[in-house]
Amino acid sequence: MGWRIGVDSGGTFTDICLFHEETGRIEVWKVPSTPRDPSLAIGEGVVEALERLDAASGEVGYFGHGTTVATNALIQQRGAPTGLITTEGFRDLLEIGRQKRPDLYDIRADKPKTLVSRDLRFGIAERVRHDGSVEHPLDEPALRAAARKLKAAGVQSVAIAFLYSFAHTAHEELALRILAEELPEAFISASHRIAPEFREFERMSTTVVNAYLGPVMRGYVRRLEGRLKEMGLEAVPHLTQSNGGVIGFDTAVEMPVRTVLSGPSTGVVAALALGEMTGNENLITFDMGGTSTDVALLRRGECRLVGEAIVHGYPIKAPMLDIHTVGAGGGSLVHVDSGGLIKVGPRSAGAFPGPACYGHGTAEPTVTDANVFLQNLDPKFLLRGRMPIRRDLAEAALRTVADKVGMDVAETADGILDIVTVNMAKAIRVISVQRGHDPRDYTLVAFGGAGPLHAARLASELEMRQILVPLTPGILCAMGLLMTDLRTDLSVTRLASLDTIETNALDEIFSGLERRAAAWFAAENIPPEARILRRTADVRYAGQNYEIAVPVPAGPIDQGAIAAIRQGFLADHQQLYGFIAEGEEIELVTYRLEASARTEKARFTPQPIGSKDPWHAGIGERPAWCRQARAFRNHKIYDRLRLTPGNIVEGPAIIDQMDTTTVVPAGMTARVDAFLNLIMEAR
């Protein structure tokens, strides 16, 4: 028994959470990120954290990591030079797409850059029909000629995406062997391994993104592995997927596209655990960091899993938690547009140079500068004194905006917070109101370095009645790494009518997926008692373009299982779209199997409720901006680590801790529950 470590590497800070399996002790640490090579901050931060605890690296039994490496490489277009091999006549599909305009009325909207230039896309004679039958065999000489051209062009990665390869994989398997012979150093991705599902454009896009990110992820993982070995870490490291589970480093290298939401997914996992602990199953997560804000809706103790999403303009078919992201964080830069209006984000000051108050030369103000000037944040230090900051620099940066709009600095700073709040409220309405959920029926879980700072304003904007702030909100994503399971998702597409499909045919489909899951369990050395399987099917009305994931009962498929799928689909369709189409044919499309391995997780023990009076946690007071009074007003300051179960903090107050700051405005109270969470409500 020893320490379990979770590390979440963000754009601004790298968060480290340590949990001792025997004693239940939790320790947190936070260091500035090193965007040039995130493994530097991870290595240094873990060493510092272990030294603080007088612990040796040999005592670490588990190491989990959430990363933004793949996401940032995609956003910043820093992937590897990539080629594409596809069916003859389809090489332009990657650029044509679905001919949809995502911003219909925005004449200045830019299309995402095509990740493979036209001269590196090759159509090869071969043809598989929709039913998996071969109409034309693969032209091997043409493929070898294309491979040599790609090699001469200096590509580091190749994507293979033949038409209907999900129904017949032999052509892509042959192409893999040929390309491995012709380009032995290249990273090669085949669509039947990366996204074995229908919709050729999305499957091709996913495979190209995977190939584009492959060499970047491979280089990063190998560097990190080297640093961990140098530290003497013996635990097998794991990386988070977009679906909230973890995978080994080798799998992450092979399928980096599954890690594009690696960081934020673990925050959702931790929030699910919080909901289970507190008995609150309906939650909306609000993860505000330095660069962006991620939100998700958790209903009845579950977060919706989607099989397809558009990530930074690129369609990706991969299982991922339904997380919505906006470019609004503490480091979001503020400017005045041509119409004289204040705009916040999506550009960010990042970890370096960071906000103006850091003193590294940033002249534009950020959301953090607004909070520092308003003294919601300590005006002298962050990270509990480890990071000095300057309020005068924040004020000077804010004044450049205030002078342009004819307002004083305090009003400008308050307006900036209002604007960023509206941006975040829009994101929450996308995952709630637009899908038939009233946010007032949910509890807002605020975490991330800036989440608790803004939670009260956001809840007020959405008329939400309750806010839950975890014990360690600034590093909750890192903590989520200690609460997740090893997991993979398998899928296959076969169109069939729910009305006419034979039960044995459906049984055989899931049996095939279960055989693949058994092979994965064996490869990962998962004992039978730790294995978990969960089945779903993507279902739609015939003629619809979008499917709904519906649970499929465990065990042999019989008419009872068919009826359960039908009822599940109808209930979800009613919830999502507001109607049921009586008498319309229901169609099964894609069948999915979630295979996970139950692992030891961080557990928390409730403590007895004590006194309401938090006097023992008071550490002073300071004037901070009071939104209700539109003026600075004295706020009591409390040390979060000194608060005990039962304590009630009345606003206006500020609760300080190393990883974040919680603002309790006038008219609200913050109650400490048995698990040391803060429960904020209006008085």
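Student: In which loop does Gln 375 lie?

Tutor: In this predicted model, Gln 375 belongs to the loop between α10 (367-373) and β23 (381-382).

Student: What is the phi of Gln 375, and how should such a value be read?

Tutor: As a general guide, most residues other than glycine have a negative phi. Here, Gln 375 is not a glycine, yet its phi is positive, near 65°.

Student: Is Gln 375 buried or exposed?

Tutor: Gln 375 has a relative accessible area of 12%. Buried means under 20%, so Gln 375 counts as buried.

Student: Which residue in the loop between α13 and β26 (466-469) may be set beside it?

Tutor: Glu 463 is found in that loop. Glu 463 has a positive phi of about 60°, again without being a glycine.

Student: Is Glu 463 buried or exposed?

Tutor: The relative accessibility of Glu 463 is 53%. Because the exposed class begins over 50%, Glu 463 is classed as exposed.

Student: How are peptide bonds to be read, and which bond has omega near 0°?

Tutor: In general, most peptide bonds are trans. In this model, the bond from Gly 345 to Pro 346 is cis, with omega near 0°. Pro 346 is placed in strand β22 (residues 342-348).

Student: What is the geometry of the bond that joins Gly 651 and Pro 652, and where is Pro 652 placed?

Tutor: The bond joining Gly 651 and Pro 652 is cis, and its omega is about 5°. Pro 652 sits in the loop between β33 (648-650) and β34.

Student: Strand β34 leads to the sheet. What is the strand order there?

Tutor: In general, strands of a sheet pair through backbone hydrogen bonds, either parallel or antiparallel. In this case, four strands form an open sheet in the order β31-β32-β34-β35, and the pairing is mixed. The edges are β31 (618-626) and β35 (661-664); each has a single partner strand, so one side of each lacks a neighbour in the sheet. From one strand to the next, the twist averages 30°.

Student: How many bridges join β34 to β35?

Tutor: Four bridges join β34 (residues 653-656) to β35, and the two strands run antiparallel. Within β35, Thr 661 stands opposite Asp 656.

Student: Which helix lies across β31 and β35?

Tutor: Helix α13 (residues 451-462) lies across β31 and β35, and runs at about 25° to β35. The loop that holds Glu 463 lies between α13 and β26, which links this helix to the earlier discussion of phi.

Key. Residues numbered from 1 in each chain as written. Predicted model: local features only at pLDDT ≥ 70, side-chain atom pairs only at ≥ 80, totals over all residues. Heavy atoms only, no water. Pairing = 2+ DSSP bridges. Axes fitted to C-alpha atoms, helices over the stretch in contact; angles between N-to-C directions. Contact = heavy atoms within 4.5 Å. Buried < 20%, exposed > 50% of the residue type's maximum accessible area, 1.4 Å probe, protein only.
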